[in-house]
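Colleague: Could you walk me through this one slowly? I am still new to reading structures.
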Amino acid sequence: MDSKLYDVVVVGAGSGGLTAAVGLSKVGKKVLLIEREHLGGECTNSGCIPSKALLHHAKQYYQATKIAGKTYQSDTYRKEAFKYVRQIVDSILIDETPEHFQNLGIEVVLGEARFIGLNEIKVSDNSYKFKKSIIATGSSPRSIDIIGLGEEKVLTNQNLFNLNETPTRTLIVGGGPIGMEMGQALAMLGSNVTIIENGPEFARLEDEAIRPIIYKKFTDLGINIILNAAVKHAVEGIMTVEVKETDSEAVRLEQIPFDKVLVAIGRVPNLPEGLEVARIKSSPFGIVVNKNWQTNNKDVYALGDVSARLKFTHVADDIARQVVTRIISQGLFSIKDKVVPKVTYTEPEIAQMGLSWDEAKEELGEEKIRRIEVSFANNDRARTDDDTEGMLVVVAKRLSGKILGAHIIGPRAGELIGTLTLAMENNISLYRLRSTIFAYPTYSLIIKKAGDYFLAQQFIDLKTDLFYATKKLAPKLIVAGLWIYGLVSLYVYQQSFGLTPSELSLKIFMAITSTPWAPLLYIVAYTIRPITFFPGTALTILSGVFFGLWGILYTIVGASLSAAVAYFVGSYFSQAIAGYKKSLSNWTDYLHKNPFMAILMMRLTFFPFDLVAYGAGLLKIPFTPFLLATMLGTLLGITTFVAIGASISVEEFAKNGITADAINLNFILISLAIFIASHIAAEYIKRKKKLH
């Protein structure tokens, strides 16, 4: 039986897959959605939704007992924690059934998907063809083998929420977001929790001002945190843990009693079968994709946990939306990198986005950035709610107030980070945020306060910052001034003698070629051409006019030196675009990985010569492959324009300008043939590259 043909086959019905399937169906695409286990994916069934429901229930219970003490009613509420979680999940799954999506025009097939061709996929005994496919199969918890630990004792996010009661003693392996969230929730529900972290810092991914706050919160709750630790083996409910001493190489062993062990040490991608048949590359870290989330098979996209380093539901959702736009626009729109907020839903919440302080120092230098810290104790809403343990940290550029990153621990941190993400995404500075009216009293006023702190500190350091900025800019300003002076002088000379640009060019060139040093002077003139803005094409044609086909050799030398000058000029000014390099990251990554081929393609297709050279310097492309590609790639172009120049009679041109009598058509035909050959070569290289 022939396979059905679909516009798009989506593999995986989690956040990314469902967003993509619904979006494509709404614009009239024929969509097939394949899911191996349950619609809604990890997030709804065993991730974001149940974990936040458990946290909510645990926080409610904990706050109530702090106020009123433990009672029969509160204990009943505590025992219903996992029942509550399953009720919440079931309420959300009502809208995530096969029938619901079929009513939206999406065909749903349950089963394991396997690629059997470039554009064909199989589920059980049925095969389906597609024009485009999206892989959104998600990830699974990373496992660990512990000697003596039976499977019935092991918890992951996939079976934790199936419990009927809170374990008396819970050992958590891994101090990341899942370990922190579930550790705190279980501790609030009465479990004796121990968290084992293999590094020297608890919450090591958070800002240095945040770590001690959350550490104290956890230890005050009675959670035992063991750092620099690794599990060794288990015997009858006792886990042996090896702990390295912080100040020495000494190792000690600790015995930790447990009823359940929650393993939270990261995620591994769920790779569909048959990827190699579909020519889709993958690694242990996931499916390999380009900047537009396309696999090696350009008809197949992969998004979400199966291909992303940042394994967040909101990232999968956003990329899915952009992939939908790209598919329906026939590739017209590219995928845009965005600022990604991250939230850990502990009590208090932790949120972050953008650069950390250390990352900003490494990227820009400490002298160019400022760190602003605002305690929640300075926020009136936090005071009214008696919830002042928290901190906002903003990393910003000096003078401009441009936000580079933000880190929050405190009430509503997950909501507050949205405002700062919007500000960073849209280049809204701290100056503008402090001038914005925020309702009083709200937690969001802490953002306005950060703007106040920044402005005050900026006034104090204004002289120092201006002096430093002027010192850094002085050499560039001097060079730019000399540059402008030279150009103005040339323009004044042209105007004083009433010369047209063509007459000026001819006059200068005739002066050069009237000496025995003409070839050398020509090469020097071509070398400094990028800083005079003299058109390279005109200079190349003039070499043919005055030197004939020898101009090819002289121009190759001059053009190579010219490209080097433009490259180093661009490199000199490269720091000026440091703030934009992240937005150009996809392009620069490709140029850095394939510098020779990228530059060669631009040269063969007559991409503006100086723009390529300046750009290569600005983006710090490796110099050697840049220069080699320039020498090879401009050979055909140089020969083309030198041949055009060689076709022109100098005497006739000087007398009457460009006329039919001044041009030798044989040279024009040669240049046309070379021009066509150059484009054919570029297309050939493009096709060869696609095949590989």
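Modeller: Let us begin with a term: a salt bridge is a side-chain nitrogen of Lys or Arg within 4 Å of a carboxyl oxygen of Asp or Glu. Please keep in mind that this is a predicted model, and that the structure holds 28 salt bridges by that rule.

Colleague: OK, so where does the salt bridge between Asp75 and Arg78 sit?

Modeller: Both residues belong to helix 4, which covers residues 72-79, and they are three residues apart, about one turn of the helix. Their side chains meet with N to O at 3.0 Å, and Asp75 is partly exposed, its relative accessible area being 26%.

Colleague: And Arg169 with Asp259, what does that pair tie together?

Modeller: The side chains of Arg169 and Asp259 form a salt bridge at 3.1 Å, N to O. Because Arg169 lies in strand 9 (residues 169-173) while Asp259 lies in the loop between strand 14 (251-257) and strand 15 (260-263), the pair ties together parts that are 90 residues apart in sequence. Arg169 counts as partly exposed at 29% relative accessibility, and Asp259 is also partly exposed, at 22%.

Colleague: What about Asp207 and Arg371, are they buried or exposed?

Modeller: Asp207 and Arg371 are both buried. They form a salt bridge whose closest N and O atoms are 2.6 Å apart, and this pair links distant parts of the chain, with Asp207 in the loop between strand 10 (192-196) and helix 8 (211-220) and Arg371 in strand 22 (residues 369-375), 164 residues away.

Colleague: Which residues are joined into one network by salt bridges that share partners?

Modeller: Arg370, Arg398, Asp461 and Asp465 are joined in that way.

Colleague: Switching topic, what does the side chain of Ser133 reach?

Modeller: The Ser133 side chain reaches the backbone oxygen of Val9, at 2.9 Å. Ser133 is found in strand 6, residues 126-135, and it counts as buried because its relative accessible area is 0%, where buried means under 20%. Setting aside neighbours within four places in sequence, Ser133 has contacts that include Val8, Val11, Phe115 and Tyr301.

Colleague: Last thing, how many cavities of 30 Å³ or more are there?

Modeller: The count comes to one cavity of 30 Å³ or more, and the largest cavity holds about 50 Å³ of space. Among the residues that line the largest cavity are Pro141, Thr156, Ile178, Leu262 and Arg267, and by class its lining has five nonpolar, three polar and one charged residues.

Definitions and conventions: Residues are numbered from 1 along each chain as its sequence is written. This is a predicted model: local features need pLDDT of at least 70, side-chain atom pairs count only at pLDDT 80 or more; totals for chains, interfaces and linings use all residues. Side-chain values use heavy atoms; hydrogens and water are left out. Helices (H or I, at least four residues) and strands (E, at least two) are DSSP runs, numbered from the N terminus. Buried means under 20% relative accessible area, exposed over 50%, partly exposed in between (1.4 Å probe, protein chains only). A polar contact is a pair of N or O atoms within 3.5 Å; within protein, one must be able to donate a hydrogen and the other to accept it, and residues adjacent in sequence count only if both atoms are side-chain atoms. Contact means heavy atoms within 4.5 Å. On a 1 Å grid over the protein atoms alone, a cavity is a set of points where a 1.4 Å probe fits but cannot get out, and a pocket is an open set with protein on both sides within 12 Å along at least five of seven lines; lining residues have an atom within 4 Å of a point. Grid points are joined across faces, edges and corners, and a volume is the space filled by probe spheres set on the points. Ala, Val, Leu, Ile, Met, Phe, Trp, Tyr, Cys and Pro count as nonpolar, Asp, Glu, Lys and Arg as charged, and the others, Gly among them, as polar.
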